[in-house]
Amino acid sequence: MNNPNSQTKAWSVLSLTKMAMITALYVIVTLFLAPFSFGAFQLRFSELFNYLPLFNKRYIAAVTIGVAISNFTSPLGLVDVVIGSLSTGIVLLLSYYVTKQLKSPIKKMILTAIICSLSMFTVAGQLTYFYQLPFFYTWLTVGVGELLSMSVGGMLIYWINEKIDLSK
């Protein structure tokens with residue numbers, strides 16, 4: 001006899017496992033490339049995972065937790081954990097809802113890359129406050145780094161989605 005809750009529990013375990021894998025991958029990529037992941041000139045290639053919520057909303061939490069864990073190693077420490085993860089969660093929710101009605105994955109990804117790059121004012125604000133760096137120049141350099149990371153990452157995520165349905 002089948003338990004009606006068994007499929008729901010199995011899906012939940014599978015979903016949580018996928019989320020944990022994405023969180024872990026975000027942390028691993030960030031820490032492996034740590035010299036490039038923090039500061040006024042950064043290429044945080046783990047930001048490619050910001051595209052995953054476009055395919056499935058569960059990845060908003062997974063990426064946000066990955067950012068929080070990664071930011072414990074940031075030179076700004078707990079400040080970056082709180083501000084970085086809150087900013088990421090808000091930006092991923094915004095990207096998810098703003099792109100929800102778009103049919104084209106490429107258009108969704110382009111819009112997400114723009115939103116994520118513009119959101120780097122939070123990083124610039126922290127760096128300006130703690131290191132007295134010029135805000136707009138820092139926002140520009142961090143934003144350009146984000147756009148570059150998201151562009152390279154976007155091509156990879158698009159290709160992966162062609163091979164594996166990321167919405168499942």
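Helices here are DSSP runs of H or I with at least four residues, and they are numbered from the N terminus. What you have in front of you is a predicted model, where local features need pLDDT of at least 70, side-chain atom pairs count only at pLDDT 80 or more, and totals for chains, interfaces and linings use all residues. Residues are numbered from 1 along each chain as its sequence is written, and side-chain values use heavy atoms, with hydrogens and water left out.

Let's start with helix α5, which covers residues 78–99. The expected span of a helix is 1.5 Å times one less than its number of residues. For the 22 residues of α5 that gives 32 Å, and the end C-alpha atoms are 31 Å apart, so the two agree. Quite a few of its residues are buried (under 20% relative accessible area, with exposed meaning over 50% and partly exposed in between, using a 1.4 Å probe and protein chains only). Among the buried ones are Asp80, Gly84, Ser87, Val91, Ser95 and Thr99. The buried residues of α5 pack against α3 (52–55), α4 (59–70), α6 (105–118) and α7, where contact means heavy atoms within 4.5 Å.

Just ahead of α5, have a look at serine 74, in the loop between α4 and α5. Serine 74 has 8% relative accessibility, so it counts as buried. Leaving aside residues up to four places away in sequence, serine 74 touches Phe38 and Asp80. From serine 74 to threonine 99 is 25 residues in sequence and 30 Å in space, C-alpha to C-alpha.

Now for the partners of α5. Two packed helices are described by the angle between their axes and the distance between the axes. The axes are lines fitted to C-alpha atoms over the stretch in contact, and angles run from 0 to 180 degrees between N-to-C directions.

Take α6 to begin with. α5 and α6 pack at about 150 degrees, with their axes 10 Å apart. Their crossing is right-handed, meaning that the near helix is turned clockwise from the far one by less than a right angle (anticlockwise would be left-handed). Val91, Leu94, Ser95, Val98 and Thr99 in α5 meet Lys108, Leu111, Thr112, Ile115 and Cys116 in α6. By class, this contact has six nonpolar, three polar and one charged residues. In that scheme Ala, Val, Leu, Ile, Met, Phe, Trp, Tyr, Cys and Pro are nonpolar, Asp, Glu, Lys and Arg are charged, and the others, Gly among them, are polar. The buried residues of α6 include Lys108, Thr112, Ile115 and Cys116, and its buried residues pack against α3, α5 and α8.

Next comes α7, residues 121–131, which packs with α5 at about 160 degrees, again with axes 10 Å apart. The two helices are therefore roughly antiparallel (over 145 degrees; under 35 is roughly parallel, 65 to 115 roughly perpendicular and the rest oblique). This crossing is right-handed too. Here Val79, Asp80, Ile83 and Ser87 in α5 meet Thr122, Gln126 and Phe130 in α7. That makes three nonpolar, three polar and one charged residues. Thr122, Val123, Ala124, Gln126 and Leu127 are buried in α7, and the buried residues of α7 pack against α5 and α8.

What follows α7? Glutamine 132 does, with a positive phi near 55 degrees. Glutamine 132 sits in the loop between α7 and α8 (135–163), and its relative accessible area of 62% makes it exposed.
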